[in-house]
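Trainee: Could we go through this structure together, one question at a time?

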Amino acid sequence: MNTTTKYAATALAAALGVTVLAGCGSDDGPSDTGASKGSGSKTVTLVSHDSFNVSDKVLKAFTKETGHTVKILKSGDAGAALNQEILTKGSPRGDVFFGVDNTLLSRALDNGLFTAYEAKGLDTVAADTQTDEKRRVTPVDTGDICVNYDKKYFADKKLAPPKTFDDLLKPAYKNLLVTENAASSSPGLGFLLGTIAAEGEDGYEAYWKKLKANGVKVVDGWEQAYNEEFSGSAGGKKANADRPLVVSYASSPPVEVLYADPQPKEAPTGVATGTCFRQTEYAGLLTGAKNEAGGKALLDFMISKTFQEDMPLNMFVNPVVKDATLPELFTKFGEKIDTPPTVAPEKITANREQWIQSWQSLVLK
């Protein structure tokens, strides 16, 4: 789950829960959710993690374009939502699942959760996000997990902020970094995977030994790390936090600007661009979907410019459609990460639990 999305959703008071978001009215709308495939149901159910958010006007545009209304069923974080779909595979709770990312993708595919469908407009989607040749999932967004830094702290200390993973090992940054538990947090796991991508499977353990010796602090989740421990965030300032480095997202600085009152001319936080790991989130047509036609229409719509250009200020993620326009908030205050390291989904699936266990034994004991 993109935790910056969670931050934004909380700040906007826009957590939707389990609800129906209807576009234009229809006699055969939400009441016929249980209709069988092909029976004329005009409600399409999107199952997602809790961080999904979209503008009402965009959902209304989908209804006007297709005649389908959207019901959004939120199911906890990405891992919990995926687990529920695995338990109900073949008789899914909805038609489309959104929010499985590259750290969990192979697990979803191996369990046969999705029916192959090539969404209309896929040729406009960045090729490097299209990892499934069988088209069982459609890329929807990307986000970069990176170390963020408190600009004021480093200016006051007349110290250059770190830029790379290796920089974090330098004595100048001792006791400055807070990260999340890789076993319980999406950004924590992403940061671990970033170190594996950068240092290699043979080098990441030695790297973490050095990082531990340099005083890295580990907390359970992003909320605690960013809003309680990080001195650069609005929440951290209120909590008198003392860690000027935190694992968060490349899109976190625009969030700090958006919710500041008054809004500053410059983001108070920056991004160490050489410490990033790219997440890609996907959506797929669930096998056994009751409204397969509506599900396909929704997948088409999720890679339309209308939906893609709505995402940045609602979920603080990046579009995958190549000609989608980013809002000024992103282009002015965000960081564009051109070639962040990543790890192939099948390699993550094969090694994730081993890597996490190794990390726990090295860092938490």
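Mentor: Gladly; we will talk about a helix, some aromatic rings and a disulfide, keeping in mind that this is a predicted model.

Trainee: Let's begin with helix H2. Which residues of helix H2 are buried?

Mentor: Helix H2 runs over residues 56-66. Its buried residues cover an arc of only 145° around the axis, which puts them on the same side of H2. Those residues are Val58, Leu59, Phe62 and Thr63.

Trainee: And which exposed residues does the face turned away from the buried side of H2 carry?

Mentor: Exposed means over 50% relative accessible area. On H2, the residues that fit this on the face turned away from the buried side are Lys57, Lys64 and Glu65.

Trainee: Which residue just after H2 takes a positive phi?

Mentor: Look at the spot just after the end of the helix. The phi there is about 85°, and the residue is Gly67.

Trainee: Now the rings. Are the planes of Phe97 and Phe114 stacked, edge-to-face or tilted?

Mentor: A pair of aromatic rings is described by the distance of the centres and the angle of the planes. For Phe97 and Phe114, the centres are 6.5 Å apart and the planes meet at 45°. Planes under 30 degrees apart count as stacked and those over 60 as edge-to-face, so this pair is tilted.

Trainee: How many residues apart are Phe97 and Phe114?

Mentor: Both of these residues, Phe97 and Phe114, are buried. Phe97 sits in strand E4 (residues 96-101) and Phe114 in strand E5 (residues 114-115). The pair links distant parts of the chain, and the separation is 17 residues.

Trainee: What about Phe165 and Phe191: how many residues apart in sequence are the parts they tie together?

Mentor: Their rings form a tilted aromatic pair, 5.7 Å centre to centre with 40° between the planes. Phe165 is in the loop between helix H5 (151-156) and strand E7 (177-180), whereas Phe191 belongs to helix H6 (residues 186-199). Therefore the pair ties together parts whose separation in sequence is 26 residues.

Trainee: Last one: which residues does the disulfide join?

Mentor: A disulfide is a covalent bond between the sulfur atoms of two cysteines. The structure holds one, with its S to S distance at 2.0 Å. One partner lies in strand E6 (residues 138-150) and the other in strand E10 (residues 269-286), so the pair ties together parts that are 130 residues apart in sequence. The two partners, both buried, are Cys146 and Cys276.

Notes
Residues are numbered from 1 along each chain as its sequence is written. This is a predicted model: local features need pLDDT of at least 70, side-chain atom pairs count only at pLDDT 80 or more; totals for chains, interfaces and linings use all residues. Side-chain values use heavy atoms; hydrogens and water are left out. Buried means under 20% relative accessible area, exposed over 50%, partly exposed in between (1.4 Å probe, protein chains only). Helices (H or I, at least four residues) and strands (E, at least two) are DSSP runs, numbered from the N terminus. The arc is that of the directions from the helix axis to the C-beta atoms. Rings of Phe, Tyr and Trp (its six-membered ring) pair if their centres lie within 6.5 Å; planes under 30 degrees apart count as stacked, over 60 as edge-to-face and the rest as tilted. A disulfide is a pair of cysteine sulfur atoms within 2.5 Å.
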